Amino acid sequence: MILRELTIKNFRSYYGEENKFVFNPDGLTLIIGDNGDGKTTFLESLEWLFDTTAMHQRNDSMNISEMRKSRMVVGEEDEVRVTIKFDHDGEKELNKSFTFKKIDTNRVQIISREFVGYEFDGIQRSQVSGDIILKRCFDAEIRKYSLFKGETQLDIFHQDSEALKRLLTNFSDIKRLDQYAEITRTLNDLAAKAHDKELKNDKKTATAADMLSRQMGNIQEQMGNIRRQIRDQEANSRTYKTKLDALVDNRDVKEKLDAINERIKNHEEQYRRAKSYTVVDYNTSLLDESWILCAFPTILDDFQKKSSAFSKEKRKQHNAFLIEKGKQEQLRELSLPDGISNLPWYMPDEKSMEEMVNEEICKVCGRKAPKGSEAYEFMQNKLQAFLKHKKAKIDTEVEDLFTSNYIEELHNFSISYSGPKEAEICQLFEVIKDRLEFIKSRQEDAKKWENAVSEAKDEKSRLLAQLNGVSEDDIMRSATDVRDFMSRRDDAERKLGELKLKLSDLNEKENELEEQYSLLKPTNKEAERYGRIHNVFDHIYKAFLSARETNRRNFLNRLAELSNQYLSKLNVTDFHGVIEIYRHQESENIDVILKSENGTYVTSPSESQKTTMYMSVLFAIAKITADLRETEYPLIFDAPTSSFSEMKETEFYEIINKIQKQCIIVTKDMLTYDAEKKTSTIKDSAFELSCPIYRIEKEKDFNPNDLSTIRVITTKIKD
Amino acid sequence: MNIRPKDKLLQSVLHEVSLYSFGEYDPDEFMTVDDAIDSDNEVVSAVGRIIERCSSDATEREIYNEVCNHLR
């Protein structure tokens, strides 16, 4: 199967039907797109096309382009369609689609489905069922070795321990040889029974035959047990090896995880410390620590203004009253020019005024007021006015406008709270203000550390999400588990060695018994003849077993040989090691191992080494299956090279292109990101590659919160 | 010329050292199952018959009886 062309219509972000890809038939086709630009959807459109289970239909409505849905009017119909044109014993086409109708603003209904294939014989085009054409040209087993999502999926051999075993079964002659080995075993058993029966009927050999027969039965039973134990130990050894591999693989992750955990711990400590400073019991502080006085300066200021205003108003009204009462003389003495309200008669108080007169100094304005000066006279008059007022107040209390002194009391109150008391409270206010600022600053710190903890935890989640189900505990247990796993693996391998020795001993004993059995000389000619026939069947049976083993070995040798050829090509300038395909004796599971040429295991190959190793094996599998089935199939990878350096990418793609194998790679390599413009562009080095290149990207000016504005634009940028 | 799977199978079995040593035949002389069945060598002929009868869906008992009669 060689893919020629793929058309995607209205499949998720691939809106409309202009999404067409024409593929290089015997080399690389590169499809470049950034995150969210439809790379995975490209691969999933193929998976959807090839999915013949009924399951996929359940989610079909999820596969409709949101943009298409939003642009349809109620009652309108359209379709989702994925079509591939390919060569496989002639030109063929596979087409999966479904028609849908918009039934109201938010709902669509699927009306019909179609899965068909077409064959061209050069003149006519005939329709075939999609299932049939798919099974004939690209069956499920082949697809397992053809489509890969992400770098981790390339490791099909560890993810599925039976993968290579199945491959061997399906693509070598093993299945047929297995069947023949089974048949010849039955034929041999029949011959053995017939021979045994004759020997037991023969007086000369009956006793010996019976004894040997029982001994052989016993040995075979023991061998069966040992084989079962070997299978168990092989499984144990493989399990612990896989766990050890995972620990080694995760060593870098563990280092990163340790660093993140340390960061989380420090940030949490900083957060706790900052938080502890922000804990304030406002109820207690308000009263016990006099925080309530925090508002005093403002309140006092307000109070002073109000009491001053009341006092001023009272005096004004009082002056008016006095005028009305004809006390002009008294008023003249007290009034100031230009209608300015004078100080109230009780300010300064009697004692303060006497002190100022006696000391000949005005303590209100701070100037000297010697006897005979105007200022001295003013102070004398003020004191006399106070005394007169006091006397008059006593005398005329009944006649006065204001019968109580509340305003004066308030004013005095206001004055008494200003000065030192106010200064003291202002100082307290400053202390409280500093304290509150400190708390606010710690709250900001706590918030900052809380965010830092949250970011570190997010980073940790992202790291763990890349591990395909390996938990943090699994990784963190590594230090103790490495020793434990190693000891268990060594134990399993030691037991395996012992069991294999035992099996070999039993095998020898069985051979000896068979030899003794075949040397029995019966008197009966028929028994002798059955002995000869049994011997022929026995040799034929063992030849089939041996042929099966040879075939298996040859297949795996060929796989290893080809894999290593591809590995050298993909790593021209790097250390690449040697791939060994290792088969377990009894379980027959197969592992892919990377070794150095001197026989040392490469215990922790880098991600890019592993990727090229797995890709080499996949190329080798494709080559072998192509040779055996005389048909090609494509290799399609989604982002297989995320661990590659920039230099390695270009080199790698150029090599892949020259391998003469159809390969489609969907990748975000070869892009440079312009942070200012927030756009990515294809690097110049991509244009130097000799393969066709497509660019997929979201149409500009989309709304990041609205799926119905997302559309992938497909552009062929290089032939 | 395409080799039929059963001929390929025959060749891989006849080329087993233990079998050609035991049967005393030259494995390169037998290219097809038909060659093997027609052979005078009873081991080669038995292998040819087993493969032929298996590919024609005979039962194990039928194959056994046929090969047994041939070897008698």
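In this predicted model, the sulfur of Cys663(A) lies 9.7 Å from the closest cysteine sulfur, that of Cys691(A), which is too far for a bond. A disulfide would require the two sulfur atoms to be within 2.5 Å, and over all chains the structure holds 0 disulfides. Cys663(A) is itself buried, with a relative accessible area of 0%. Cys137(A) likewise falls in the buried class, its relative accessible area being 7%.

The secondary structure of chain A comprises 23 helices and 16 strands. Of the 719 residues in this chain, 42% are buried. When the contacts in chain A with a separation of 6 or more are considered, 70% of them are accounted for by residues 24 or more positions apart.

Salt bridges were then examined, and the count over all chains comes to 54. Among them is the pair formed by Lys20(A) and Glu5(A), whose closest N and O atoms are 3.7 Å apart. Because Lys20(A) lies in strand 2 (residues 19-22) of chain A and Glu5(A) in strand 1 (residues 2-9) of chain A, this pair ties together parts that are 15 residues apart in sequence. The two partners fall in separate accessibility classes: Lys20(A) is partly exposed, with a relative accessible area of 40%, whereas Glu5(A) is buried, with a value of 18%. A network of salt bridges is also found in chain A, linking Lys9(A), Glu17(A), Arg68(A), Glu76(A), Asp78(A), Glu79(A) and Arg81(A).

Within helix 8 of chain A, Arg185(A) takes part in a salt bridge with Glu182(A), for which the closest N and O atoms are 2.8 Å apart, and in another with Asp189(A), for which the N to O distance is 3.2 Å. Glu182(A) and Arg185(A) are 3 residues apart in this helix, about one turn, while Asp189(A) and Arg185(A), in helix 8 as well, are 4 residues apart, again about one turn. Such spacings are readily understood, since an α-helix has 3.6 residues a turn, so residues three or four places apart point the same way. Side chains of opposite charge can then pair when their charged atoms come close. As regards accessibility, Arg185(A) is partly exposed at 32% relative accessible area, Glu182(A) is partly exposed at 41%, and Asp189(A) is partly exposed at 35%.

The interface of the two chains brings 26 residues of chain A into contact with 25 residues of chain B. The area buried between chain A and chain B is about 2400 Å², of which 70% is given by carbon and sulfur atoms. Across this interface the rule finds 1 salt bridge, in which the side chains of Arg532(A) and Glu42(B) meet with an N to O distance of 3.1 Å. In addition, 6 residue pairs are in polar contact across the interface of chain A and chain B, with both residues of each pair at pLDDT 80 or more.

On the side of chain A that touches chain B, helix 8 (174-201) and helix 20 (525-570) of chain A each supply at least two residues. The largest share of that side, 15 residues, comes from helix 20 of chain A. By class, the side of chain A that touches chain B has 15 nonpolar, 6 polar and 5 charged residues.

On the part of chain B, helix 1 (residues 5-14) is mostly covered, with 7 of its 10 residues being buried. The buried residues in helix 1 of chain B are Lys6(B), Asp7(B), Leu9(B), Leu10(B), Gln11(B), Val13(B) and Leu14(B). The cover over these buried residues is drawn from both chains: it includes helix 8 and helix 20 of chain A, together with helix 2 (17-23), helix 3 (33-37) and helix 4 (42-55) of chain B. Helix 8 and helix 20 of chain A thus appear both among the elements that cover helix 1 of chain B and among those that each supply at least two residues to the side of chain A that touches chain B.

Notes:
Residues numbered from 1 in each chain as written. Chains lettered and ligands numbered in written order. Heavy atoms only, no water. Contact = heavy atoms within 4.5 Å. Buried area = accessible area lost by both parts, 1.4 Å probe. Salt bridge = Lys/Arg side-chain N within 4 Å of Asp/Glu carboxyl O. Polar contact = N/O pair within 3.5 Å; in protein donor to acceptor, adjacent residues only side chain to side chain. Nonpolar A, V, L, I, M, F, W, Y, C, P; charged D, E, K, R; others polar. Buried < 20%, exposed > 50% of the residue type's maximum accessible area, 1.4 Å probe, protein only.
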